[in-house]
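Me: I am new to this structure and would like a close look at one part of it. Could you walk me through it slowly, explaining the terms as you go?

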Amino acid sequence: MTKGRLWKRSLVVGLLSLLPTIASGCAVIGGSPQSVNRPAGDSMRKIWDLFVPIFWLSVLVFVLVTAILLFALWRFRRRPGEDRRPEQLHGNTRLEIAWTMVPAIILAIIAVPTLSLMFELDREPGPDALTVRVIGHQWWWEFQYPEYNVVTANELHLVVDRPVRLELDSVDVIHSFWIPRLSGKRDVIPNWDNVLIFTPEEVGIFPGQCAEFCGIQHANMKFRVVVQTQDEFDAWIRQQQQPAAEAPADPLAARGREIFLTPANACIGCHTVAGTQAQGKVGPDLTHVGSRGIIAGGVLENTPENLARWLRNPQAVKPGNKMILPRQLTDEEIEALVAYLMSLQ
Amino acid sequence: MVESALKLERARYERSALVEWLTTVDHKKIGILYFWTSLAFLLIGGLLALLIRTQLIVPDNTFLGPQAYNEVFTMHGTIMIFLVVMPLNAAFFNFFVPLMIGARDVAFPRLNAFSYWAFLFGSLLLLSSFLFGAAPDGGWFGYANLTSSRLYSPGLNIDFWVMGLQVLGVATLASALNFFVTIVNMRAPGMSLMRMPVFVWMTLVTAVLILLAFPSLTVGLVMIMFDRYFGTNFFNPAAGGDPVIWQHLFWIFGHPEVYILILPPMGMISEILPTFSRKPLFGYTFVVFAGIVIAFLSFGVWAHHMFAVGLGPVPNAVFATTTMLIAIPTGVKIFNWLGTLWGGAIEMKTALLFAASFIAMFTIGGISGVMHASVPIDYWQTDSYFVVAHFHYVLFGGSLLAIFAAIYYWFPKMFGRMLDERLGKLHFWLTLIGFNLTFFPMHFLGVDGMPRRIYMYSAGMGWDLWNLVASIGAYLLGASTLLLFVNMLKTLRKPADAPADPWDGRTLEWSIPSPPPAHNFDVVPVVRGRDAFWIEKYGAEEVIGPAPERHGAEAGHNPQNPHNPGPGEGAGHDQAASHGAEHHGDSRIHLPPPSWFPLTTGAGLTLMGIGMVMHASDTLGSLGFPVVGLGIAMVVVSLLGWTFEPIHEEGHA
């Protein structure tokens with residue numbers, strides 16, 4: 001086989017091998033609960049609508065450049081044994097001015113909607129907006145609703161079609177708040193009063209996670225956003241506003257409460273349960289932990305089995321996290337604690 | 001006469017091979033040291049990449065724990081940028097810039113050796129962290145206050161990173177200074193600025209970028225060091241500091257750094273495409289000025305790495321606009337490379353294939369870069385896998401593919417042996433396929449909302465397929481890179497029989513034997529136009545580039561430079577040629593003598609870094625400052641020795 005044939009054939013094989021990747025890519029993208037091509041909030045919808053035409057423009061540019069490249073390589077290849085010296089052409093000023101102008105014009109076209117959308121995304125919402133204070137902790141999220149006097153963790157409840165103004169702060173290092181299907185990112189920086197504004201447009205549960213590397217468990221600093229109708233949201237708020245139940249009727253849960261509140265067990269050093277002497281501020285507020293869908297910064301679904309697994313050895317579930325038990329809990333203690341925590345609805 | 005003078009010189013420094021390499025100040029030997037050292041680091045950085053891809057090959061994987069993963073991705077980035085791409089570029093600066101401008105060495109040969117040794121020792125300091133189980137774990141960008149506070153990063157990990165990078169920074173700055181002065185002062189007669197090969201131009205521009213950008217990194221690292229060691233609180237929000245200041249300092253360095261990594265490869269492409277097309281570079285002036293404009297703009301775009309920080313829409317608008325502007329000169333370069341191929345007589349050698357694939361792959365990276373410049377789109381894409389895809393298309397699809405092209409192109413000149421073309425083409429195709437298989441699916445993962453720098457993901461996230469594909473691609477890419485090493489090692493065992501000019505080259509390095517003699521040029525060449533050697537071989541229809549008489553001051557006519565006598569006063573090119581001929585009589589080829597001091601200075605500098613790391617350790621803390629003192633003493637003594645070391649041996653002055 002001649003060299004020319006070899007490279008031509010390899011080129012075809014090479015390109016063909018890329019095709020299935022690209023083709024199947026189109027079919028198998030968008031399947032994630034975090035896929036941005038299925039936006040469920042106004043911010044992400046506008047961003048995606050800006051992206052799509054720029055994407056097709058990009059495809060056009062790439063196809064054009066690659067087509068010229070491949071054609072030139074094929075058309076002007078040196079055949080075996082051929083020894084020719086082409087005309088020593090040094091350039092063409094008109095052509096070069098033209099291809100300086102073309103990208104400039106394309107970029108100007110991209111710049112206009114880019115800048116206008118950017119200003120639009122930062123526009124302050126009306127007075128009906130829901131304000132939530134988002135506080136980043138290594139490696140979990142705290143959500144405070146100042147107008148309702150509600151504090152929760154790892155699960156953000158929002159109202160469909162009601163604009164939300166998230167006030168972002170961090171107690172330790174820099175994090176970044178990201179709910180891919182609802183909005184773009186905004187960094188969560190200690191002492192910076194960053195704000196993220198958007199309007200959820202679909203009822204549902206949308207996962208999000210920290211997007212700025214923030215230490216050993218950055219991967220597991222996850223949360224979920226529950227977008228509800230106004231009625232569902234109001235019901236949730238009413239439930240969250242109730243103080244934690246007094247000593248529960250279930251004797252197992254009552255035993256768990258006793259273990260939880262014993263200072264030597266150190267639970268109350270870090271956690272709050274409203275209406276008890278547990279007022280720690282280091283870990284998540286547990287007043288209504290039983291009502292949440294996830295625990296441990298979104299690593300585990302909130303089930304009795306998972307809660308027991310967590311209490312048995314938090315460092316095995318999420319290595320490096322800040323929950324250090326003073327001693328190994330017994331199975332009996334874990335069972336009681338799970339009963340108590342799940343009763344905190 | 002030349003021969004006998006050289007023999008004399010050689011005899012004077014007859015030493016063992018090891019000592020010769022340790023004390024060499026020959027730019028070609030230093031280039032070869034850079035070459036093999038950074039290729040060895042490429043294997044380490046590549047291995048780390050395979051560890052990353054192995055951890056992410058399936059969801060919920062436990063192959064690496066979170067700590068190990070964070071160390072691995074931090075070191076992968078740090079190694080590939082500072083220990084692989086930059087020094088590989090430096091290898092080619094060292095070996096080829098003097099040859100391409102017709103010089104016998106760089107301006108400061110011993111400083112050049114120092115740069116290499118400081119680079120090697122700084123790299124080893126950084127890598128030694130693995131031996132102590134304390135590899136850096138804060139990302140290559142080392143964001144404060146995660147890195148600046150011992151509260152959040154208590155180990156020695158970040159100390160190794162800060163000290164290693166500081167030593168590497170000194171090496172880099174010294175090297176940039178050296179190449180800047182070399183290119184400005186040491187050009188052969190007739191080599192006006194606008195006749196310089198584009199690779200030399202891009203080296204010059206890169207040197208300026210390094211000189212202006214690295215001080216910002218140095219200052220930032222000093223502040224992190226002070227926060228960690230002396231409690232200065234620059235980046236501590238609890239004490240009124242601001243961690244975002246680090247981001248500004250880092251990216252004011254970090255974005256020009258991207259062009260420090262890509263402009264030299266663009267220069268390589270601009271040499272390789274013309275050679276294998278047998279045509280001059282299309283639009284030389286445009287390509288050169290595009291490089292300069294890119295470099296200038298690169299200092300005004302840093303905050304596009306920080307769009308999500310919340311600087312506000314007005315600063316974001318400014319940085320978005322400057323970032324889009326930078327795409328214009330980049331686009332110009334791409335069109336000019338296509339124009340170079342167009343109408344040529346293209347020879348499908350491995351070097352050309354790599355260079356041509358650079359155009360396509362770099363275009364993908366450039367286009368996704370324009371997407372990031374659109375701030376709202378960046379709110380989504382930043383810190384997602386879309387960005388990981390983007391910069392690998394720029395740094396692998398751009399820098400490394402061009403460097404591979406340069407290896408196939410220049411290996412014969414460096415080692416006197418032609419690399420195997422069949423293995424080379426296999427390497428090329430496997431690389432192209434493996435590369436795209438690895439990095440193209442990362443765009444999809446970005447659309448699917450996968451963030452960067454996560455050590456694991458759960459099965460329910462729908463990221464399984466593309467992570468699997470990317471990991472398979474990475475193994476293929478790893479295997480293909482091994483083929484390059486097989487090819488080089490196989491070739492080095494063959495006899496050194498490469499011709500002086502195997503590719504019908506256009507620039508001066510092809511006018512001398514492969515490998516070149518120690519003194520490079522028997523006679524300092526006289527340059528009559530752009531593509532100097534091509535003109536000598538085939539004549540020129542017209543002389544290209546401004547002739548020396550119009551730019552007398554910059555035409556290499558430099559009476560201060562005894563190594564490189566100019567052609568004399570105001571000679572036109574014809575006269576210059578005859579003047580040059582008279583210099584046949586110049587037998588005073590002076591080769592600078594070898595020296596130990598560059599090595600000991602670099603070692604002393606690194607010892608200071610080692611001492612600072614020790615100071616932070618629990619067990620060796622008390623030894624820390626004494627070791628720093630020892631390092632300082634070693635640097636001072638070495639510099640004194642260096643200063644008083646005779647550089648002109650008797651009888652050669």
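Let us begin with chain A: what percentage of its 345 residues count as buried?

Reply: Happy to help! Of the 345 residues in chain A, 39% count as buried (20 or more other C-beta atoms, placed from the backbone, within 10 Å of the residue's own; 12 or fewer is exposed, and in between is partly exposed). Please keep in mind that this is a predicted model, in which local features need a pLDDT of at least 70 and side-chain atom pairs count only at pLDDT 80 or more, while totals for chains, interfaces and linings use all residues. Residues are numbered from 1 along each chain as its sequence is written, and chains are lettered from A and ligands numbered from 1 in the order in which they are written.

The pLDDT, the predictor's confidence in each residue from 0 to 100, averages 91 in chain A, with 92% of the residues scoring at least 70. Strand E6(A), residues 175-177, has the highest confidence in the chain at 98, and helix H1(A) the lowest, at a mean of 62. Where pLDDT is low, the predicted coordinates should not be read in detail.

Chain A is built from 9 helices and 12 strands (DSSP runs numbered from the N terminus: H or I of at least four residues for a helix, E of at least two for a strand). Its radius of gyration is 28 Å, well over the 20 Å that the globule rule gives for 345 residues, so chain A is more spread out than a compact globule. That radius is taken over C-alpha atoms, and the rule is 2.2 Å times the number of residues to the power 0.38. Along the principal axes, the C-alpha atoms of chain A fill a box of roughly 95 × 50 × 35 Å. Among the contacts in chain A with a separation of 6 or more, 65% join residues 24 or more positions apart; a contact means C-beta atoms, placed from the backbone, within 7 Å.

Now for the partner. Where chains A and B meet, 83 residues of chain A and 81 residues of chain B take part. On the side of chain A that touches chain B, two or more residues come from each of helix H1 (3-27), helix H2 (42-75), helix H3 (93-121) and strand E7 (186-188) of chain A. H3(A) gives the largest share of that side, 14 residues. The residues on this side of chain A divide into 43 nonpolar, 27 polar and 13 charged. Here Ala, Val, Leu, Ile, Met, Phe, Trp, Tyr, Cys and Pro count as nonpolar, Asp, Glu, Lys and Arg as charged, and the others, Gly among them, as polar.

Lastly, the cores: each is a set of buried Ala, Val, Leu, Ile, Met, Phe, Trp, Tyr and Cys residues joined through C-beta atoms within 7 Å. The largest nonpolar core has 274 residues, and those with the most contacts inside it include Ile101(B), Phe354(B) and Phe358(B). Helix H13 of chain B, residues 385-415, gives the most to this core, with 22 residues. Chain A appears in a second, separate core of 21 residues, which includes Phe260(A), Val289(A), Leu307(A) and Ala336(A). Back in the largest core, Phe358(B) is a good residue to click on: leaving out residues up to four places away in sequence, Phe358(B) touches Ile269(B), Gly398(B), Leu401(B), Ala402(B) and Ala405(B).

How values were computed:
Two residues are in contact if their C-beta atoms, placed from the backbone, lie within 7 Å.
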